[in-house]
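Here's a walk through one protein chain, from the overall fold down to single residues. Keep the viewer open and follow along.

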Amino acid sequence: MKQKKLLCAAGLAVFLLSGCASQESKIEYIGAAKAKNVALEAAGMEASQAEFTSVDMSQRSGQDYYQVKFTALGEDYAYDIDALTGVIIDAKVPAGSTRADLDAPDTTGVSEADNDTQADSKNASMLSDEEAKTRALAHAGLTSGEVTFLKSSLDYEDGRKVYDVEFYTADGKEYDYEIDASTGEVVSYDFDAESSIPPASDGSKISAQKAKELALAQVPGATESDIREFETDHEDGHMEYEGKIVYEGMEYEFEIDAYSGAFRSWEAEPLH
């Protein structure tokens, strides 16, 4: 009887293993060669124009994808391509590039003149580099004369084109914005004001309640119940309040100097 049970168990194990192997065999990746072709097509490049620097397999949140990087016409391109479907999930392309458009319309049967018209229309609807800078400055309440720009480049974030704009002020505040290239919407932003915080003169501190009020004042409509995290911390011997606010699909993280009430840092981004 014991021998029969062992034989049955062994048979069941073989069956399960063969079933798993059969299921796994159905999963087929598109392959590095196909991933390279997808990237070239998205960039509007021929293979002869590109010099590939790497094609690596990676994983994000359980999703396998190819990281394809190449140089063409003196510019660097990088694409993340789903290993199963061949869909581009992220891309980094040169600023102002219009050929690497993930949602380009089908041009089959369309004349060259029509293609030019479509391209002009699309470019007209997309913000320019200078317009993106202007949107970021307006949101920060600053003018171009008050800042020094570190970066302004076109990028992809969650499948849409955004401008990544970075600048700093004379008093040491650093700002980083993501501006939707089509709508001009501020997708996310943050700033770091470490060097602009004045030293405490008398050692007095603001209360935790006051710090919460200062943070909530930056998010109109939010209440104390929207503060999901809050704590007192010490950075290099300096006391500060840290916290997180979640409100209407956005997540805000902040650090507030406990002595002056000034924001050490502030970050806002969509809640994923």
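Helices and strands here are DSSP runs (H or I over at least four residues for a helix, E over at least two for a strand), numbered from the N terminus. By that count the protein chain has five helices and 12 strands. Residues are numbered from 1 along each chain as its sequence is written. Bear in mind that this is a predicted model, with local features needing pLDDT of at least 70, side-chain atom pairs counting only at pLDDT 80 or more, and totals for chains, interfaces and linings using all residues, while side-chain values use heavy atoms and leave out hydrogens and water.

So how far does the predictor trust its own work? The yardstick is pLDDT, the predictor's confidence in each residue, from 0 to 100. The protein chain averages 78, and 74% of the residues score at least 70. Among its elements, helix 1 (residues 2–25) has the lowest mean pLDDT, 46, and helix 5 (residues 208–216) the highest, 95. Over residues 4–10 the pLDDT is below 50, and that stretch has zero contacts beyond near neighbours in sequence; a contact means heavy atoms within 4.5 Å. Residues 117–122 also have a pLDDT below 50, but this stretch has seven contacts beyond near neighbours in sequence.

Now for the chain as a whole. Of the contacts with a separation of 6 or more, 41% are between residues 24 or more positions apart. Of the 272 residues, 35% count as buried, where buried means under 20% relative accessible area, exposed over 50%, and partly exposed in between (1.4 Å probe, protein chains only). The accessible surface comes to about 16,100 Å², with 49% of it belonging to carbon and sulfur atoms. Those areas come from the Shrake-Rupley method with a 1.4 Å probe, and for residues only the protein chains shown count as cover.

Next, a pocket. The grid has 1 Å spacing over the protein atoms alone, and a pocket is an open set of points with protein on both sides within 12 Å along at least five of seven lines; a 1.4 Å probe is used, and lining residues have an atom within 4 Å of a point. Grid points are joined across faces, edges and corners, and a volume is the space filled by probe spheres set on the points. On those terms, the second largest pocket has a volume of about 310 Å³. It is lined by 19 residues, and the closest to its centre are Glu157, Glu178, Val187, Ser188 and Glu269. Strand 5 (147–157), strand 6 (160–169), strand 7 (174–180), strand 8 (186–192) and strand 12 (263–270) each supply at least two lining residues. The lining divides into seven nonpolar, two polar and 10 charged residues, with Ala, Val, Leu, Ile, Met, Phe, Trp, Tyr, Cys and Pro taken as nonpolar, Asp, Glu, Lys and Arg as charged, and the others, Gly among them, as polar.

Stay with strand 12 for a moment. Arginine 264 lies in this strand, and is it buried or exposed? Arginine 264 counts as buried, at 7% relative accessibility. Its C-alpha is 8.2 Å from that of phenylalanine 191, 73 residues away in sequence. Glutamate 251, in strand 11 (residues 250–257), is buried as well, at 15%. Beyond neighbours within four places in sequence, glutamate 251 is in contact with Lys244, Ile245, Val246, Glu267, Ala268, Glu269 and Leu271. Glutamine 218 sits in the loop between helix 5 and strand 9 (227–235). At 43%, glutamine 218 is partly exposed, and past its neighbours within four places it touches Phe263 and Trp266.

Over at strand 1, methionine 57 is partly exposed, at 41%. Leaving aside neighbours within four places in sequence, methionine 57 is in contact with Tyr29, Asp64, Tyr65, Tyr66 and Ala83.

Finally, some backbone angles. Most residues other than glycine have a negative phi. Leucine 73, in the loop between strand 2 (63–72) and strand 3 (75–82), has a positive phi near 50° and is exposed at 59%. Glutamate 248 also has a positive phi near 50°; this residue lies in the loop between strand 10 (238–247) and strand 11 and is exposed at 66%.
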